[in-house]
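Hello,

Here is the structure I promised to pass on. Please have a look, then read my notes below.

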Amino acid sequence: RQGMVVSSEVLASEVGARILAAGGNAVDAAVATGFALAVTYPQAGNIGGGGFMLIHLNKDGRTVAIDYREVAPRAARRDMFLDKTGEVVPQRSQLTHLASGVPGSVAGLLHALERYGRLDRATVMAPAIELAERGFPVSFTLSNTLTSPWGQRLLANPAAKSYLFRPDGSVYQPGEILRQPDLAWTLRQIAERGTAGFYEGPVADRLVAEMERGGGLITRRDLKQYRALEREPVRGSFHGFEIVSMPPPSSGGVHLVQMLNVLEQFPLRDLQLNSAAYIHVLAETMKHAYADRSKHLGDPDFHRIPVAGLTSQAYA
């Protein structure tokens, strides 16, 4: 009655709302929605990627930042997307097995659930398993995505072609039912065994075998040693409002605070929304922030990032 769930796909949002109605808290709903998106929104929501989560705890007022971004395999090297002459090999960093990072989504979602959720893993994951097993009506968005040049690139991969397209390679039309028994099996492994159901055992064996077949770098050791991390959020203020956001390796929080620090110095209301002067100030502010992003932002476990300097009022 006092909750709302918002995501990129309606069925996944409905899953989160059902979890709230069943007595789950916001984290339970977020995790259930996340796993459901792996089924109904494969163009972005998935268990092969990673993410970030901010949780505000009413009990003690803390805000927790969970980092479950993908990490590079240990065998990755800075020049692995270059040829022998030092030139970039087109699409090697996008469309080959070398582009894959060690997935973090499963570890991060389960970390949040176990530490801050209220319901058990089986209850929270049941809706996603059901959607994968029984199938769901393909949305216009998913059908349109698979029709697009981005979606059509998947046809080059035999597994993706057989999984997300009709047997003849054509695209599922809106309203047709898409069933994903392999994904249901994988989600069930996770529901039954937790992170070990994904980062070890049969799922990990299949993932590593595919990496070896396709020239990828992810090993069993990479998978087994992956951990979600809790980090200290980035903080700032804007006209008296406190801003709390995700720290590195996300670049968003640092530069959100940086840009708001700059914009606070301008009379935005007087400039009028989307006027030439308003857009000029906004564009110039973003230009500097994105230049700093390219220069400074990386993984804080491997690269020193001047967060305090970038988010300071003096620098703005």
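**The sheet**

In strand β5, L229 is the bridge partner of D67. E230, also in β5, is the bridge partner of I66. Keep in mind that this is a predicted model.

Those pairs belong to the contact between β2 (residues 63–68) and β5. The two strands are joined by 3 bridges and run antiparallel. On to β1: here 6 bridges make the link to β2, again with the strands antiparallel. G51 sits opposite Y68 of β2. The hairpin of β1 and β2 has 6 residues between its strands. Within that hairpin, G61 adopts a positive phi near 80°.

Taken together, 3 strands make an open sheet, ordered β1-β2-β5, with antiparallel pairing. β1 (51–56) and β5 (229–231) are the edge strands, each pairing on one side only. On average, neighbouring strands are turned by 30° against each other, direction ignored.

How much of β2 is buried? The count is 6 of the 6 residues, so the strand is largely enclosed by the rest of the structure. Both of its faces are covered. T63, A65 and D67 are buried on one side. V64, I66 and Y68 are buried on the other. In general, side chains in a regular strand alternate between the two faces of the sheet.

A helix also belongs in this picture. α4 (residues 105–116) lies across β1, β2 and β5. It runs at about 155° to β2.

**The cores**

The largest nonpolar core holds 58 residues. Which of them touch the most other members? They are F35, I47, I66, L187 and I190. I66 is thus a link back to the sheet, as one of the buried residues of β2. Helix α2 (residues 26–40) gives this core its largest share, 8 residues.

F35 deserves a closer look. Setting aside neighbours within four places in sequence, F35 is in contact with I47, V106, L109, L110, M125, A128, L187 and I190. Another core lies apart from the big one just described. That second core has 11 residues, including V254, V257, L260 and I305.

**A helix pair**

Next, α13 (residues 252–263) and α15 (residues 276–296). They pack at an angle of about 145°, and their axes are 10 Å apart. Their crossing is right-handed. From α13, the contact uses H255, Q258, M259, V262 and L263. From α15, it uses V281, L282, T285, M286, H288, A289, D292 and R293. By type, the contact residues divide into 7 nonpolar, 4 polar and 2 charged.

**One threonine**

Last, T145, a residue of helix α6 (residues 140–147). Is T145 buried or exposed? Its relative accessibility is 18%, so T145 counts as buried; the cut-off for buried is under 20%. Not counting residues up to four places away in sequence, T145 touches Q43, W150 and G151.

Over to you.

Best wishes

Technical notes
Residues are numbered from 1 along each chain as its sequence is written. This is a predicted model: local features need pLDDT of at least 70, side-chain atom pairs count only at pLDDT 80 or more; totals for chains, interfaces and linings use all residues. Side-chain values use heavy atoms; hydrogens and water are left out. Axes are lines fitted to C-alpha atoms, for helices over the stretch in contact, and angles run from 0 to 180 degrees between N-to-C directions. Helices (H or I, at least four residues) and strands (E, at least two) are DSSP runs, numbered from the N terminus. A crossing is left-handed if the near helix is turned anticlockwise from the far one by less than a right angle, and right-handed if clockwise. Contact means heavy atoms within 4.5 Å. Ala, Val, Leu, Ile, Met, Phe, Trp, Tyr, Cys and Pro count as nonpolar, Asp, Glu, Lys and Arg as charged, and the others, Gly among them, as polar. Two strands pair if DSSP finds at least two bridges between them. A nonpolar core is a set of buried Ala, Val, Leu, Ile, Met, Phe, Trp, Tyr and Cys residues joined through side-chain atoms within 4.5 Å. Buried means under 20% relative accessible area, exposed over 50%, partly exposed in between (1.4 Å probe, protein chains only).
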